[in-house]
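Please open the model in your viewer and keep the selection panel at hand. The tour goes from one selection to the next.

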Amino acid sequence: MSARGARSPRVGADPLAAFILSGLRAAPGRALAVVLAIAIGVGMGLGIYLINRTALDEFSGAVQFLIGEADYELHAGRDGFDESAWARVARLPEVAAAAPVVDVTARVERKARPAGAADASQGEAYPERRMLRVLGIDLFRLARLNTRLIPMAGSASGAAEPSRDSLADLLGADTVFLSAAALVELDAQVGDRLGLRVGDSLRWLRIAGTLPGVPAGQRLAVMDIAAAQWQFDRLGVLHRIDVKLAQGVDDARARRAIAAVVPAGVDIATAQDAERRTSNLSVAYRVNLNVLALVALFTGGFLVYSTQSLSVHRRRSQLALLRTLGATRAMTVSLLLAEAGVLGVAGSLLGAMLGVAAAAAAIARFGGDLGGGFFPGIAPELSVDPAGLVLFCLLGVAAALAGALLPVLAAARVPLAGALRAQPQDVAERAIRPRLVPGLALLATAGLLCLLPARDGLPLAGYASVLLLLLGGVALTPAIGRAVFIRLDRIGDRLDAPAWMGLAVARASASSGMTRLALASVVASFAVMVAMGIMVSSFRDSVDRWLVTVLPADLYLRTAAGSDTGWLTSDELEALRSTPGIARVEPLAVGTLPLDARRPAVALVARPIDATDPGARLPLIGQARPAPPGLLPVYPSEPMARIYRMEVGERRTLALGGQSVEVFVAAIWRDYARHYGALAIDLEDYRRLVPGVRVSDAALWLAPGASASGVVERLSRDLPGFSRIEVTEPGIIREQSLRIFDRSFAITYLLEAVAVIIGLLGVAATFSAEALARRREFGVQRALGMTRGAIASQLALEGVLFAAVGAAVGGAVGGAISLLLVEVINPQSFHWSMDLAVPWALLVSLAGALVVLSAGTAVLAGRAAIAPGTVGALREDW
Amino acid sequence: MRHRRARSATLPVPSPILPAPAPPVTALLELVRVGKRVGHSRPRRLFTAIDLRVDAGSLLAIVGESGCGKSTLLNLMAGLDRPDEGQVVFGGEDLAGLGEAQAARLRRERIGFVFQAFHLLPHLTLRQNVALPLRLAGSPSRAALARADESLAEVGLPGRGDEAVAVLSGGESQRVALARALVHRPALVLADEPTGNLDPESAAGVLALLRERTREHGVACVMVTHSTTAAAIADRAFRLGHDGLTEVAAT
């Protein structure tokens, strides 16, 4: 009778419940490990889900709010379109109301209290970059479509009396109304003046009131449309027309009528389209993060599998007893699944708490997109979605049950014929004959699935393929392990190795099927480690090389990143060119090109591109082709080419500058900055189509002998308005980009750590159970003269052998999964490709660490079985 | 003496001339020409042509050398294993015709088990161990636990239901196992070397209890044992050999 029997049992409890609990109490360490593994998976999954959901809800709410009751939103990217379109749309019989909107995001540089003069030299400068989205609206027309945008003169609280000339404020040329969140963000109040950067000048606007209808958390300003056009140098330009259809007009007819009167390139989007566009912007990012979190849950499931295998292995005589006493297979399966279910529920509840806490902390620290930049201008508060909570808890329980299912089913098949024998350990273990066919079939199916295309922009078949690869590798492990160990045993026979070595190899080759199956957690965890390691390394390496190619100049200059109102004037460009030390200046303009109402607009990048050598400025994929005479050469990025199915040498018609232009796809280039696509075009070509193109960035090449710091110093001295310009060296941009990259992928390092722990727990679980069952074997060995040190060495070598096989199979499976991630899942999710870069040193170190730690774990787990005179104190736990 | 009986399952067709015979007393358990082989690649005959009738309330002992198939014979009687030849008929029903669930139901409702190694679940109290068959049979937990206390009292362990298995002596463990075997009032108790792990004094106590309780409740019992002392308490004793089952004097 083991010492654990002396623990006081639960008095009066139901025997069946007590049987379930006894399985958990017999090995609390293992139970705790399973609970933690499930909790980590559920916590990560739920945390990421809640963060994304919160941010997306807020953003969708903002989109809905801005559209109001309009049926359509007509828009055409950052450059906008001619305002004459509004009159034509408003006159259509299909249209009941049409409201024009100017939509700009400007950088707020200074703030002045009412007493201060509206002078750029006065007021207080914001130490950090502050952006403000300003909507120029036609108050009287918009009132019919979106009452929540109607401003209120004076403060929202009513503390200040509304100005006597409220109407003048509403239509004022220099007045603006801010939402509560914008006032907080800018630390301003009604009556303050804000200095907004527009080109090379600062425009002062007075905060005349608030926007009481704007939902909390949305930073927004509203002003009269004519004033906005004038203040932001957008005379004659609209960015949007919100349209309410006349009653009874159907969608197709309305779209036809509107399309006939708006310039080319103006998109007709419904509220649903706009929402979908927002969702599409980040869907791949969100889904990939969720899948990564589920991988943690999946590897947790493997730990459940290993521990449950060992648990039923250890209790097989008890299970046989239950069956003998009349429990059916179904009853036995139910009891054991209930045991796994208890662990799953405990892990899920703990994980739910972890997930909510982590999501709250992450949103508070990094915002709704974890710094990814997908949801700008939104400061969400965590909203816990009960359905999501339940879903992830169910997933946790499902992982525990799925992990336990195979061992439980095997336990229910324990042959009862031996159950009445004298000694419980004599109950025969059902021999598990390693089979190749299921594993090979899983691998073959995985191979076929990875050939399938993405569905709704998501690589669902690719994910399934990863899952099958992992399961296939695990299924093949027993057969591979057996083959390797038997060969080693034969080699060992021919060598004059120490006895403990021979015993270790012989033991490994004769190990039970259960032990080899318990390798599953080692294989799964190492495969996850290798796959993540190779994928991240390949991506990072490709991004690094891409950065080097796209940043060929010595200095980069940019005006108010992210704003629509920061640009370099022609005088400033000229001044740059004539600055001593600067050999060449290449300006760059960035616009947007909406191509599909349901997708984010493609970025339009206009820069000098030599049509005879586009590869000098763009990191091309494949060969470029010269454009036929009369056709405009364009260069879609890889994501754009994949999303819109563009090929080199193809002719397309695109709406550029309000007109339909036939273009020639001259080359495709690699771009990791915009996964929704970018179109590069020569700046001069673009200027011919859009005469008023504004340059926001410039690349500077230094003259021989000139230093970057010297040039920057000279510019700061000589260039007017230098304060609004950011000058950066490519090395710093590269460093910042890689830092952002590393932060984005930090979660994968966490996953790798989880995988290592799970792998080692698997080794510990296997060896603690095995070593205990081998007490008599070790006793005989010691009686025959083997020292305890030699037995410890034998255990260590067994740990090394098992971990080495696990690492080898896991490495191969992980390599295959990384290929899938690099060649299938990433291109299908983000529409970009990367070059495979295997971090050999890292992988070999990880494998080495796993092997060494396994050896240590094996000795540690088996120490009780080889300790002198402690038979009575032996514990099966670790 | 070679023990053979007519197959009661194949009764003669009643003759219209002769008066109808009195209805036979149906055996609780009957083995008819039962044979068993072991091993897959090179099967070896363990025993063959075993005929045995177990009537309600009788106590039978089966003795034999190690490896002669005593435990296998018990497995066949419990429906845990299937014969390669012949029939095992329990309560008039051929066990070969029972599905897995039906066989399990038969065991939990009509058979009790006593093992050499006791097979008490170490993390359950004595009461929980004894109540287990009742719970498996679907009895409510409270009633099952109360009945387990009664059963423990019947084997001389009153008021000890809350104790842990680990504190028991061998003799006490086997008493608990006996309480478990009888708690659901089975028709048959199958005992596999019930005294094999006990000292002579404890063994005598357990055997006396087994005899007394089975008789008191009218429960049939088949016990396999090495011990001729144990076999001596049986109504009838048999020796199992490769050539079959031979009845020997119980004393």
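**Strands first, then a cavity**

Begin by selecting strand β14 (residues 582-593) and strand β15 (residues 602-607) of chain A, which run antiparallel and are joined by 5 bridges; strands pair if DSSP finds at least two bridges between them, and elements are DSSP runs numbered from the N terminus, helices being H or I of at least four residues and strands E of at least two. This is a predicted model, in which local features need pLDDT of at least 70, side-chain atom pairs count only at pLDDT 80 or more, and totals for chains, interfaces and linings use all residues. Residues are numbered from 1 along each chain as its sequence is written, chains are lettered from A and ligands numbered from 1 in the order in which they are written, and side-chain values use heavy atoms, with hydrogens and water left out.

Zoom in on Gly591(A), whose bridge partner in β15(A) is Leu604(A). Next add strand β22 (residues 697-702) of chain A, which pairs with β14(A) in the antiparallel sense over 6 bridges, and look there for Trp701(A), the bridge partner of Arg584(A).

Now leave the strands and select α9 (271-314) of chain A, which gives the most to the lining of the largest cavity, with 4 residues (a cavity is a set of points on a 1 Å grid over the protein atoms alone where a 1.4 Å probe fits but cannot get out, and lining residues have an atom within 4 Å of a point). This cavity has a volume of about 100 Å³, the volume being the space filled by probe spheres set on the points. Among its lining residues are Gly23(A), Arg30(A), Gln308(A) and Glu339(A).

How values were computed: On a 1 Å grid over the protein atoms alone, a cavity is a set of points where a 1.4 Å probe fits but cannot get out, and a pocket is an open set with protein on both sides within 12 Å along at least five of seven lines; lining residues have an atom within 4 Å of a point.
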